[in-house]
Amino acid sequence: MARRATGRPGATGPAGVKGARRPELRLPVLEPYEGGGLEPDGDYDGLEFRDAELTGQDGAGARFMDCALTGCALDETRLRHARFLDSALTGVRGVGTDLSEATLRDVELTDARLGGPQLHGAVLERVVIRGGKIDYLNLRTARLRDVVFEGCVLVEPDFGGARLERVEFVDCALKGVDLHAATLTDVDLRGAASLEISRGFDRLSGAVISTAQLLDLAPVLAMEWGIRVEG
């Protein structure tokens, strides 16, 4: 196996929030990927996909174990039900990547540039999403456990109906977050560089925010709950 999770499971921080466990990847020596294209239900083990043009390809149901995808194009790539295990994705880019109902376990996603990626119904466990920018991330009804968003920009991410447990946002910008019908447990938003919530203020139970964030959100919260504030 390529991973070793860091952080003590269930470790509680100073605010009583249980911290996320991060994967620590130790990839083996990888073989370069020389295939002609992805295949549905394909099995990819110990491979390096470097600058691969995977636009429009169909890898639905494929398994990626101990793999590295670096600088790959994923425009309209179909990866529904795919499994990424003990793998690193670095500098991937694309619009409309379909990862619906996929599984990402012990994965590091670094410096991604993605537009409208579909991860509804996906399962993310021990995942770090670091750097880069993701627009219109669809995580509806997804399950996130031990996930860290770090130093990234998320524009209008949709967590509608999702379940988040031990999820941290560190030095990242959250713009127009949708938490409608989401369930949050030990979600730490204090480290977010900016926090804008469009829907689902009533779902913040189970999350922790800073005093400054509360003050920033106060006008919207007052409007949401019909509170009239007069000087």
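# A tour of cavities, core and strands

Start with E16: this strand gives the largest share of the lining of the second largest cavity, three residues. Keep in mind along the way that this is a predicted model.

**Stop 1: the second largest cavity.** With E16 still selected, add the rest of the lining. The full set is Phe-159, Leu-164, Phe-169, Leu-174, Val-177, Leu-179, Leu-184, Val-187, Leu-189, Leu-195 and Ile-197. Colour by element and you'll see that two or more of these residues come from each of E14, strand E15 (173-178), E16 and strand E17 (194-199). The space inside is about 70 Å³. Now colour by residue class: the lining has 11 nonpolar residues, with no polar and no charged ones.

**Stop 2: Phe-169.** Stay with this lining residue and show its contacts. Which residues does Phe-169 touch, leaving out those up to four places away in sequence? You should find Phe-149, Leu-154, Phe-159, Leu-174, Val-187, Asp-188, Leu-189, Gly-191 and Ala-192. Several of these should look familiar: Phe-159, Leu-174, Val-187 and Leu-189 also line the cavity you just left.

**Stop 3: the nonpolar core.** Zoom out a little. Phe-169 belongs to the largest nonpolar core, which has 59 residues. Select Phe-49, Phe-64, Phe-84, Leu-144, Phe-149, Phe-159 and Phe-169 together, since these are the members that touch the most others. As for who supplies this core, strand E10 (residues 103-115) has the largest share, five residues. A general point for context: in soluble globular proteins, nonpolar side chains tend to be buried together.

**Stop 4: the largest cavity.** Two cavities of 30 Å³ or more turn up in a search of the whole structure, and the largest has a volume of about 230 Å³. To get to its centre, pick Leu-99, Leu-104, Leu-109, Leu-114 and Leu-119, which lie nearest to that point among the 20 lining residues. Strand E8 (83-90), E10 and E11 are the elements that give two or more residues to this lining. Which of the elements gives the most? That would be E11, with four residues. By class, the lining splits into 19 nonpolar, one polar and no charged residues.

**Stop 5: E11 and its partners.** Show the backbone of E11 and follow its pairings.

- E10 runs parallel to E11, and 11 bridges join them. Pick Leu-114, whose bridge partner in E11 is Ile-134.
- E12 also pairs with E11 in the parallel sense, over seven bridges. Here Val-123 stands opposite Arg-143 in E12.
- Strand E13 (residues 153-155) pairs with E11 over three bridges, again parallel. Look for Asp-135, which stands opposite Val-155 in E13.

**Stop 6: the largest pocket.** Go back to Val-123 and Arg-143, that facing pair, and switch on the pocket surface. Both residues are in the lining of the largest pocket, along with Leu-124, Glu-125, Leu-144, Arg-145, Arg-163, Leu-164, Glu-165, Thr-183 and Thr-185. At least two residues of this lining come from each of strand E11 (123-135), strand E12 (143-150), strand E14 (163-170) and strand E16 (183-191). The pocket's volume is about 220 Å³. What is the class make-up here? The lining residues divide into four nonpolar, two polar and five charged.

**Last look.** Keep Leu-144 and Leu-164 on screen to tie the stops together. Leu-144 lines this pocket and is also among the best-connected core members, those that touch the most others. Leu-164 is in the pocket lining and also lines the second largest cavity, where the tour began.

Note on methods. Residues are numbered from 1 along each chain as its sequence is written. This is a predicted model: local features need pLDDT of at least 70, side-chain atom pairs count only at pLDDT 80 or more; totals for chains, interfaces and linings use all residues. Side-chain values use heavy atoms; hydrogens and water are left out. On a 1 Å grid over the protein atoms alone, a cavity is a set of points where a 1.4 Å probe fits but cannot get out, and a pocket is an open set with protein on both sides within 12 Å along at least five of seven lines; lining residues have an atom within 4 Å of a point. Grid points are joined across faces, edges and corners, and a volume is the space filled by probe spheres set on the points. Ala, Val, Leu, Ile, Met, Phe, Trp, Tyr, Cys and Pro count as nonpolar, Asp, Glu, Lys and Arg as charged, and the others, Gly among them, as polar. A nonpolar core is a set of buried Ala, Val, Leu, Ile, Met, Phe, Trp, Tyr and Cys residues joined through side-chain atoms within 4.5 Å. Buried means under 20% relative accessible area, exposed over 50%, partly exposed in between (1.4 Å probe, protein chains only). Contact means heavy atoms within 4.5 Å. Two strands pair if DSSP finds at least two bridges between them.
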